[in-house]
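Student: Take a close look with me at the part around the ligand, please. Then carry on from there to the rest of the fold.

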Amino acid sequence: MKKILVTGGTGYIGSHTLVDLLEQGYNVISADNYSRSDARMLQGIETITGKKVKNYATDLCSLTDTRKIFEENPDLSGIIHFAAYKAVGESVEQPLLYFENNIQSLLNLLHCVQEYKVPYFVFSSSCTVYGEPESIPVTEETPLRPAASPYGLTKQIGEQLLQDFVKATDCSALLLRYFNPAGAHPSAQIGELPIGKPQNLVPAITQSALGVIDALTVHGTDYPTRDGSCVRDYIHVCDLARAHTQALQLLEKENKTHACEAINLGSGTGVTVLEAIRAFEKASGRTLEWTAGPRRPGDVMAIYANNEKATSRLGWRAAYDVEAIMATAWAWEQRYRNGETVLSR
Ligand code: WQD
């Protein structure tokens with residue numbers, strides 16, 4: 001059976017993707033050094049699927065250690081590479097940490113891909129590669145603009161490295177550009193686990209609703225948008241996970257070499273921060289307290305996806321809307337805080 005390596009497998013999107021791959025019949029292994037995740041996510045995956053996933057707690061910045069994974073698994077038929085740091089604000093404060101971690105780990109993987117002739121590579125990219133787009137919704141042909149953060153720059157560099165790498169090898173790649181991942185598995189056994197105070201909107205909403213953190217601050221209500229707050233494209237993490245499985249299936253079906261193309265993964269719907277708050281209130285039946293604050297440096301005003309290529313190339317469609325995203329995020333937050341999941345502290 002084809003074996004897939006998922007790097008970052010105990011992270012938020014990685015864990016949900018492992019669940020989907022297992023449910024679609026794939027044989028999977030994970031590589032995650034737990035630097036930004038919780039090892040108990042593996043128990044959550046087993047609770048949902050009934051299957052144990054072997055994780056290599058490898059620092060992918062070490063080529064020697066990374067190569068050991070391939071020595072033990074010379075039969076890998078594909079890699080989905082999630083493992084990277086992704087906090088936009090942190091990347092501005094510590095650019096070298098981001099350049100070293102995100103780029104060195106990718107280079108080490110590509111060395112092993114070439115050495116062990118792994119045919120397919122799915123790269124976790126981001127809508128941050130578009131910067132502040134001139135027009136929205138953005139398509140894959142929308143010109144990339146200077147990245148707004150070192151994090152976004154590492155994603156732009158990663159895409160360019162892969163474009164050149166596939167030309168020189170027999171590997172083919174897909175660059176999946178995520179918009180705003182949010183929500184949790186409907187079982188509420190796994191979900192988003194921000195380290196420290198959440199930077200992202202949806203966990204900030206669910207944690208402030210439970211009083212885990214102070215009342216939500218809306219970063220900017222004076223933008224020239226329909227209600228003054230920023231517009232984003234929220235995509236359910238399970239929709240995102242399914243797209244990765246379909247990306248692998250496309251690479252396997254087409255069985256090309258030297259191919260590398262980008263695909264937007266977004267719902268195709270722009271939602272303002274205030275609309276997202278209202279969606280949470282509707283899904284949870286609660287009123288959310290919030291205060292208006294200053295704009296956040298690095299934020300783009302508005303971005304959302306034209307996702308037609310994901311439908312035409314992957315056969316992918318978003319199954320969850322923003323209210324369903326909020327409902328699953330809320331169910332996960334409550335179960336986690338009530339100590340009802342294997343991950344609860
Ligand atoms: C969304 C909106 C905030 C928190 C994320 C990821 C990034 C990339 C793209 C994958 C903004 C506002 C937030 C809060 C707020 N994904 N907000 N109060 O910045 O679009 O980036 O998606 O690569 O890695 O970080 O997402 O959720 O941080 O912000 O008002 O407490 O919510 O200002 O307008 P962002 P976000």
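Tutor: Here's a walk that starts at the ligand and ends at the sheet and a couple of backbone oddities.

First, the ground rules: this is a predicted model, so local features need pLDDT of at least 70 and side-chain atom pairs count only at pLDDT 80 or more, while totals for chains, interfaces and linings use all residues. Numbering runs from 1 along each chain as its sequence is written, and side-chain values use heavy atoms, with hydrogens and water left out.

Now the ligand. It is surrounded by 19 residues, the closest being Tyr151, Leu201, Thr217, Arg232 and Asp299; a residue gets on that list if one of its heavy atoms lies within 4 Å of the molecule. By class, this shell has nine nonpolar, six polar and four charged residues. Here Ala, Val, Leu, Ile, Met, Phe, Trp, Tyr, Cys and Pro count as nonpolar, Asp, Glu, Lys and Arg as charged, and the others, Gly among them, as polar. Helix H7 (201-209) and strand S8 (216-219) each put at least two residues into the shell, and S8 gives the most, with four. Those labels are DSSP runs numbered from the N terminus: helices are H or I with at least four residues, strands are E with at least two.

As for polar contacts (pairs of N or O atoms within 3.5 Å; within protein, one must be able to donate a hydrogen and the other to accept it, and residues adjacent in sequence count only if both atoms are side-chain atoms), the backbone does a fair share. A backbone N or O atom of Leu201 sits 2.7 Å from a ligand oxygen, and a polar backbone atom of His219 is 2.9 Å from a ligand oxygen. Asp299 uses its side chain instead, with an N or O atom 2.5 Å from an oxygen of the ligand. The protein covers 93% of the 690 Å² of accessible area that the ligand has on its own, going by Shrake-Rupley with a 1.4 Å probe.

Asp299 is worth a pause. It lies in the loop between strand S13 (290-293) and helix H10 (308-314), and its side chain makes a 3.0 Å polar contact with that of Arg296. Leaving aside neighbours within four places in sequence, Asp299 is in contact (heavy atoms within 4.5 Å) with Glu132, His219, Tyr223 and Arg232.

On to the sheet: seven strands form an open, parallel arrangement in the order S3-S2-S1-S4-S5-S6-S11, where pairing takes at least two DSSP bridges between two strands. S3 (54-56) and S11 (260-265) are the edges, each with a single partner strand, so one side of each has no neighbour in the sheet. From one strand to the next, the twist averages 20°. Helix H3 (residues 63-72) packs on this sheet, touching S1, S2 (27-31), S3 and S4, and its direction makes about 150° with that of S3; axes are lines fitted to C-alpha atoms, for helices over the stretch in contact, with angles from 0 to 180 degrees between N-to-C directions.

Last, the oddities. Ile136 and Pro137 are joined by a cis peptide bond, omega about 0°, and Pro137 is in the loop between S5 (120-126) and H6 (150-168).
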